[in-house]
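Subject: Model handover

Hi,

Here is the model I promised, with my notes below. Please open it alongside the text.

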Amino acid sequence: GSNLVLRRALGADLVDLNLDSWTTPQLQAWLLRHRQGQQRSIENPESVESNVHRRRAAAASCLLFVFLGLPVALRFRRSDRVGAFLAAFVLALFIYFPIVRVGKALASSGTLSPFVAAWLGPALLMMVSVLVSRRVFR
């Protein structure tokens with residue numbers, strides 16, 4: 001019943017890398033050490049937290065694209081495959097990606113929390129998927 005915690009220091013070469021070069025576990029370890037007061041501040045904690053949330057949201061959005069593509073494909077059936085692809089692509093291009101960019105800008109300016117800003121795009125994509133699914137399955 002005892003817990004064993006292994007801690008490994010980040011290499012000195014990570015100080016020179018930008019946040020996009022760090023892995024998600026490294027970012028989470030940095031945040032944990034920063035909150036405990038053990039980490040000197042080489043990065044802004046809000047930008048590190050924002051980066052972690054954006055990575056998780058991007059991973060979840062892959063599944064959400066499937067939820068969007070399924071009802072669009074059922075709507076078009078076999079009649080027009082290119083049209084079905086273009087419809088799903090346009091929805092993603094003009095809804096999801098601009099919202100992700102706006103969320104990133106709002107998080108970096110401090111207007112929104114990193115969590116809310118990162119999950120705006122996937123939440124909107126899920127709402128559009130639900131609306132399209134309701135229309136198709138009626």
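**Aromatic pairs**

The structure holds 4 aromatic pairs. Keep in mind that this is a predicted model. Two of the pairs are described here.

Take Phe65 and Tyr96 to begin with. Their ring centres are 5.1 Å apart, and the planes meet at 75 degrees. The pair is edge-to-face, because planes over 60 degrees apart count as such. Where do the two residues sit? Phe65 is in helix H2, residues 45-76, while Tyr96 is in helix H3, residues 81-109. The two are 31 residues apart in sequence, so the pair ties together separate parts of the chain.

The two partners differ in burial class. Phe65 is partly exposed, at 26% relative accessible area. Tyr96 is buried, at 6%. The cut-off for buried is under 20%.

The other pair is Phe115 with Trp119. Here the centres are 6.3 Å apart and the planes stand at 45 degrees, so this pair is tilted. Both residues belong to helix H4, residues 114-136. They are 4 residues apart, which means a separation of about one helical turn. How accessible is Phe115? Its relative accessibility is 47%, which counts as partly exposed. Trp119 is also partly exposed, with a value of 27%.

**Aromatic cluster and surface patch**

Phe65 and Tyr96 also belong to an aromatic cluster, together with Phe97. Phe97 turns up again in a nonpolar patch on the surface. Which other residues make up that patch? They are Val82, Phe85, Leu86, Phe89, Val90, Leu93 and Phe94. Together with Phe97, they have about 800 Å² of accessible area.

Leu93 is one of the patch members. Leu93 lies in helix H3. Its relative accessibility is 35%, so Leu93 counts as partly exposed. That value also fits the patch criterion, because patch residues need over 30%.

**A buried serine**

Helix H4 also contains Ser129. Is Ser129 buried or exposed? Ser129 is buried, with a relative accessible area of 2%. What does Ser129 touch beyond its neighbours within four places in sequence? The contacts are Leu64, Phe67, Leu68 and Pro71.

**Where to look**

For a quick tour, start at the edge-to-face pair of Phe65 and Tyr96. Move on to the patch through Phe97, which is in both the cluster and the patch. Then go to helix H4 for the tilted pair of Phe115 and Trp119, and finish at Ser129 in that helix.

Best wishes

Technical notes. Residues are numbered from 1 along each chain as its sequence is written. This is a predicted model: local features need pLDDT of at least 70, side-chain atom pairs count only at pLDDT 80 or more; totals for chains, interfaces and linings use all residues. Side-chain values use heavy atoms; hydrogens and water are left out. Rings of Phe, Tyr and Trp (its six-membered ring) pair if their centres lie within 6.5 Å; planes under 30 degrees apart count as stacked, over 60 as edge-to-face and the rest as tilted. Buried means under 20% relative accessible area, exposed over 50%, partly exposed in between (1.4 Å probe, protein chains only). Contact means heavy atoms within 4.5 Å. Patches are made of residues with over 30% relative accessible area and no salt bridge: like charges are joined within 9 Å, nonpolar side chains (Val, Leu, Ile, Met, Phe, Trp, Tyr) within 5 Å. Accessible areas come from the Shrake-Rupley method with a 1.4 Å probe; for residues, only the protein chains shown count as cover. A salt bridge is a side-chain nitrogen of Lys or Arg within 4 Å of a carboxyl oxygen of Asp or Glu.
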